[in-house]
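Visitor: Could you walk me through one part of this structure slowly, the packing between its helices? I would like to see how the pieces fit before I look at any numbers of my own.

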Amino acid sequence: MTYDDELDLGDAAAFILGERPGLHEDAVWTVLNELQDPPVRNADGMAVDLITRLHPGMRAKDIRMILDEWREYARLAQEEDWD
């Protein structure tokens, strides 16, 4: 999936935290800032590996959850009637 417009990371973080309130805000921001765009699903392993190498305290499960919700936000943001 490609994104016509750059996704707003602040809106993405708010969406993710709204969908998954158990996630730590710092973890969400770490993933968003490191990657800048949600990876395609088959690149999750590489994204998780990168984040856990750079931030050893982060759990792979949380990173995958963030990636799933980030892709959902990106999908919804591409819909014309969503805001």
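Guide: Happy to. In this predicted model, the protein chain has four helices and zero strands, and from the N terminus on its elements run α-α-α-α. Of its 83 residues, 39% count as buried. Among contacts between residues at least 6 apart in sequence, 63% join residues at least 24 apart. As for the outside, the chain exposes about 5300 Å², and carbon and sulfur atoms supply 46% of that area.

Let us go to the interior. The largest nonpolar core has 23 residues, and Ile16, Val31, Leu32 and Trp70 are those with the most contacts inside it. The elements that give two or more residues to this core are α1, α2 (25-35), α3 (44-54) and α4. Helix α4 supplies the largest share, eight residues.

Helix α2 is a good place to stand while looking around. Its buried residues are Ala27, Val28, Thr30, Val31 and Leu32, and they pack against α1, α3 and α4. Take valine 31 from that list: leaving out residues up to four places away in sequence, valine 31 touches Gln36, Ile51, Met58, Ile63, Ile66, Leu67 and Trp70. One of these partners, Trp70, is also among the core residues with the most contacts inside the core.

Another of those partners, Gln36, deserves a short stop. Glutamine 36 follows α2 and is found in the loop between α2 and α3. Its phi is positive, about 70 degrees, although glutamine 36 is not a glycine. With 40% relative accessibility, this residue counts as partly exposed.

Next comes α3, where Asp44, Ala47, Val48 and Ile51 are buried. These four cover an arc of only 95 degrees around the axis, so they sit on the same side of α3. The face turned away from that buried side carries the exposed residues Met46 and Arg53. On the inner side, the buried residues of α3 pack against α2 and α4. Ile51 is one of the residues touched by valine 31, so you can follow that contact from α2 if you have both side chains displayed. Asp44, for its part, is among the contacts of arginine 71.

That brings us to α4, the helix in which arginine 71 lies. Arginine 71 is buried, because its relative accessible area is 12%, and the cut-off for buried is under 20%. What lies 2.8 Å from a polar atom of its side chain? The backbone oxygen of proline 39 does. Leaving aside neighbours within four places in sequence, arginine 71 is in contact with Pro38, Pro39, Val40, Arg41 and Asp44.

Arginine 75 also lies in helix α4, but this arginine is partly exposed, with a relative accessible area of 37%. Its side chain makes a polar contact of 2.7 Å with the side chain of glutamate 72.

Helix α4 takes part in an aromatic pair as well, and the structure holds one such pair. Phenylalanine 15 and tyrosine 73 form it, 5.8 Å centre to centre with 45 degrees between the planes, an arrangement that counts as tilted. The pair links distant parts of the chain: phenylalanine 15 is in helix α1 (residues 9-19) and tyrosine 73 is in helix α4 (residues 60-77), 58 residues apart. Are these two residues buried or exposed? Phenylalanine 15 is buried, with a relative accessible area of 15%, and tyrosine 73 is buried too, at 6% relative accessibility.

To finish the tour, stay with α1 and find leucine 17, which has its place in that helix. Not counting residues up to four places away in sequence, leucine 17 touches Leu23, His24, Glu25 and Val28. Val28 is one of the buried residues of α2. The C-alpha atoms of leucine 17 and isoleucine 66 are separated by 8.9 Å, with their positions 49 residues apart along the chain. Isoleucine 66 also appears among the residues that valine 31 touches, which brings us back to where we stood in α2.

Notes: Residues numbered from 1 in each chain as written. Predicted model: local features only at pLDDT ≥ 70, side-chain atom pairs only at ≥ 80, totals over all residues. Heavy atoms only, no water. Buried < 20%, exposed > 50% of the residue type's maximum accessible area, 1.4 Å probe, protein only. Contact = heavy atoms within 4.5 Å. Areas by Shrake-Rupley, 256 points an atom, 1.4 Å probe, with all protein chains shown as cover. Phe/Tyr/Trp six-rings, centres within 6.5 Å; stacked < 30°, edge-to-face > 60°. Core = buried A, V, L, I, M, F, W, Y, C linked by side-chain atoms within 4.5 Å. Polar contact = N/O pair within 3.5 Å; in protein donor to acceptor, adjacent residues only side chain to side chain. Arc of directions from axis to C-beta.
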